[in-house]
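Trainee: I would like to go through the labels on this model and hear the reason for each.
Mentor: Ask about them in turn.

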Amino acid sequence: MTETTLRSVADVATPNASRHMQQLCKHFGHRRPVTFDEQAGRIGFDIGDCDLRARDGVLHIALASPGDEQMARLQDVVARHLLRFAFREEMRIDWRPV
């Protein structure tokens with residue numbers, strides 16, 4: 001990313017942080033460059049990067065993208081997939097710029 005990179009983060013409360021992180025990584029791994037283990041993951045998108053960390057009861061998501069439009073799309077893609085995988089949980093994703 002360049003110096004004009006936008007960054008956005010969300011801390012999502014979930015008792016299944018590691019499972020959901022691994023689901024996201026495995027899902028996107030069929031089409032995107034992905035690395036992950038039980039505690040951390042990274043997904044490379046054409047519109048930016050998604051870094052994930054699973055901690056006790058929290059999935060930390062950090063996004064980096066080159067512009068407002070790409071960031072909005074990246075937030076939407078990551079949130080939609082996470083909510084789909086965690087459909088049994090009431091989950092809230094609040095993005096904040098950093």
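Mentor: This is a predicted model. One label to begin with: the crossing of helix 1 and helix 2 is right-handed.

Trainee: Which residues make that contact?

Mentor: Helix 1 supplies H20, Q23, L24, H27 and F28. From helix 2 come V77, V78, H81, L82 and F85. By class, the contact residues are six nonpolar, four polar and no charged.

Trainee: What angle do the two axes make, and how is the pair of helices described?

Mentor: The axes of helix 1 (residues 17-28) and helix 2 (residues 68-85) come within 10 Å and cross at roughly 120°. That value makes helix 1 oblique to helix 2, because roughly perpendicular covers 65 to 115 degrees and roughly antiparallel needs an angle over 145.

Trainee: How many aromatic pairs does a search of the whole structure find?

Mentor: The search finds one. F28 and F45 form it.

Trainee: What makes the pair of F28 and F45 edge-to-face?

Mentor: The ring centres of F28 and F45 are 5.0 Å apart, with 75° between the planes. Ring centres must lie within 6.5 Å to pair, and planes over 60 degrees apart count as edge-to-face, so both conditions are met.

Trainee: Where in the chain do F28 and F45 sit?

Mentor: F28 is in helix 1 and F45 in strand 3 (residues 40-45), 17 residues apart, and the pair links distant parts of the chain. Both F28 and F45 are buried.

Trainee: Why is I93 called buried?

Mentor: I93 has a relative accessible area of 17%. Buried means under 20%, so I93 qualifies. I93 lies in the loop between helix 2 and strand 6 (96-97).

Trainee: What does I93 touch, leaving aside its neighbours within four places in sequence?

Mentor: I93 is in contact with A10, V12, A79, L82 and L83. The C-alpha atoms of I93 and A10 are separated by 6.3 Å, although their positions lie 83 residues apart along the chain as a separation.

Trainee: How do you know that S8 is buried?

Mentor: The relative accessibility of S8 is 3%. The cut-off for buried is under 20%, so S8 counts as buried. S8 belongs to strand 1 (residues 6-13).

Trainee: Which residues are in contact with S8, apart from those within four places in sequence?

Mentor: The contacts of S8 are I61, A62, L63, M71, Q75, W95, R96, P97 and V98. As for S65, its C-alpha is 8.6 Å from that of S8, and the two residues are 57 apart in sequence.

Methods. Residues are numbered from 1 along each chain as its sequence is written. This is a predicted model: local features need pLDDT of at least 70, side-chain atom pairs count only at pLDDT 80 or more; totals for chains, interfaces and linings use all residues. Side-chain values use heavy atoms; hydrogens and water are left out. Axes are lines fitted to C-alpha atoms, for helices over the stretch in contact, and angles run from 0 to 180 degrees between N-to-C directions. Helices (H or I, at least four residues) and strands (E, at least two) are DSSP runs, numbered from the N terminus. Angles under 35 degrees count as roughly parallel, over 145 as roughly antiparallel, 65 to 115 as roughly perpendicular and the rest as oblique. A crossing is left-handed if the near helix is turned anticlockwise from the far one by less than a right angle, and right-handed if clockwise. Contact means heavy atoms within 4.5 Å. Ala, Val, Leu, Ile, Met, Phe, Trp, Tyr, Cys and Pro count as nonpolar, Asp, Glu, Lys and Arg as charged, and the others, Gly among them, as polar. Rings of Phe, Tyr and Trp (its six-membered ring) pair if their centres lie within 6.5 Å; planes under 30 degrees apart count as stacked, over 60 as edge-to-face and the rest as tilted. Buried means under 20% relative accessible area, exposed over 50%, partly exposed in between (1.4 Å probe, protein chains only).
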